[in-house]
Structure formats: structure tokens, C-alpha cells
Amino acid sequence: MQTAILAETLAGLAQRAADSQLAVNFAFGRVVGESPLQILVEQRLLVPEEQLILTDPVIGSVERRLDDERYLHDKIYTVYHNLTLDDRVLLACVQGGQAYVIVSRYYATELDEA
């Protein structure tokens, strides 16, 4: 009886530890839409702008939104990307596919032809 309880407790702890880790995978994508921004990930999954997180290497400019007093206090900004059609990008995919961080552009290699 005690062995079964111990085994169950250990299994539960192992599952909680596995669930608490934030797994990130990397993927390659290509810009297929500019406005709104869309990335085709590994030639099979279309990721819309709402699921993309831009980083400095792919941001063209950032402007504070001044169209509403509320935005001045919340420090809301409009971010303009500098990606163009067919740019290749390296993405970090957060576990579950809820968000994709565009890490950087990359340039064509022989692997792209495969």
C-alpha cells in the first residue's frame, strides 16, 4: 500500500515538473504577407500577425500612439516591421504554438534548395 502511494506521489511530482518547464522549439519561416504580417512556418503552417512577437532585428521603427489620451498613460506603441515578402526568418516557437518570436532574418543557404 505504501509503495503504491509513494509511486503515485513521485509520478505526480514528475508530471508537475514536466508541465512547469517552458519548452521552446526553433523553426524556419518565410514572409508571405506584409500587411498584415504573415509567416509560413516550414511550408505548412500560416502564422498570423496576432501570434507573432517581433524583436529588434526585424523592427523598422516604433512610434508612440498619440491618438487618444489613454494611450499616453499606457505607453502603447505602434511597431512597424521591416520584413518584406519572401524574407526568411528564424522563429522561436513557444510550447503549444500560442506565440512565435521572430528572432532574426536568415539568408538563403544550400539547405533551402532541399
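**Close-up views of a predicted model**

**Figure 1. The β2-β3 hairpin.** Strands β2 and β3 (residues 45-48) pair in the antiparallel sense over 4 bridges. Strands here are DSSP runs of E with at least two residues, helices are H or I runs with at least four, and both are numbered from the N terminus. Two strands count as paired if DSSP finds at least two bridges between them. The model is predicted: local features need pLDDT of at least 70, side-chain atom pairs count only at pLDDT 80 or more, and totals for chains, interfaces and linings use all residues. Residue numbers start from 1 along each chain as its sequence is written, and side-chain values use heavy atoms, without hydrogens or water. Two bridges of this hairpin pair Val 41 with Leu 45 and Leu 40 with Leu 46. The hairpin has 3 residues between its strands. Glu 42, in the turn, has a positive phi of about 45°. Gln 43 lies in the loop between β2 and β3. Its phi is also positive, near 60°, in a residue other than glycine. Gln 43 counts as exposed because its relative accessibility is 74%; exposed means over 50% relative accessible area, buried under 20%, and partly exposed in between (1.4 Å probe, protein chains only).

**Figure 2. The β1-β2 hairpin and its cis proline.** Strand β1 (residues 24-34) pairs with β2 in the antiparallel sense over 5 bridges. The two strands form a hairpin with 2 residues between them. Glu 34 has Leu 37 of β2 as its bridge partner. Pro 36 sits in the loop between β1 and β2. The peptide bond from Ser 35 to Pro 36 is cis, with omega near 5°.

**Figure 3. The two faces of strand β2.** Side chains alternate along residues 37-41. Leu 37, Ile 39 and Val 41 point to one face and are buried. Gln 38 and Leu 40 point to the other face and are not buried.

**Figure 4. The six-stranded sheet.** The sheet is open, and its 6 strands run in the order β3-β2-β1-β7-β8-β4, with mixed pairing. Its edge strands are β3 and β4 (52-54), each pairing on one side only. The twist averages 40° from one strand to the next. For such angles, axes are lines fitted to C-alpha atoms (for helices, over the stretch in contact), and values run from 0 to 180 degrees between N-to-C directions.

**Figure 5. The largest nonpolar core.** This core has 14 residues. A nonpolar core is a set of buried Ala, Val, Leu, Ile, Met, Phe, Trp, Tyr and Cys residues joined through side-chain atoms within 4.5 Å. Leu 37, Ile 39, Leu 52, Leu 83, Leu 91 and Ile 102 touch the most other members. Two or more residues come from each of β1, β2, β7 (88-94) and β8 (100-106). In soluble globular proteins, nonpolar side chains tend to be buried together. Leu 83 touches Val 31, Glu 34, Leu 37, Val 58, Val 89, Ile 102 and Arg 105, leaving aside residues up to four places away in sequence. Contact here means heavy atoms within 4.5 Å.

**Figure 6. Val 32 and its long-range neighbour Leu 85.** Val 32 lies in strand β1. Val 32 is partly exposed because its relative accessible area is 32%. Leu 85 is 53 residues from Val 32 in sequence, yet the two are 5.5 Å apart in space, C-alpha to C-alpha. Val 32 touches Leu 85. Its other contacts are Gln 38, Ile 39, Leu 40 and Leu 46, not counting residues up to four places away in sequence.

**Figure 7. Asp 86 in the β6-β7 loop.** Asp 86 is placed between β6 (77-81) and β7. Its phi is near 75°, a positive value in a residue other than glycine. Asp 86 counts as partly exposed because its relative accessible area is 46%.

**Figure 8. The chain as context for the close-ups.** The protein chain has 2 helices and 8 strands. From the N terminus on, its elements run α-β-β-β-β-β-α-β-β-β. Buried residues make up 20% of its 114 residues. Among contacts between residues at least 6 apart in sequence, 46% join residues at least 24 apart. The chain exposes about 8400 Å², and carbon and sulfur atoms supply 54% of that area. Accessible areas come from the Shrake-Rupley method with a 1.4 Å probe; for residues, only the protein chains shown count as cover.
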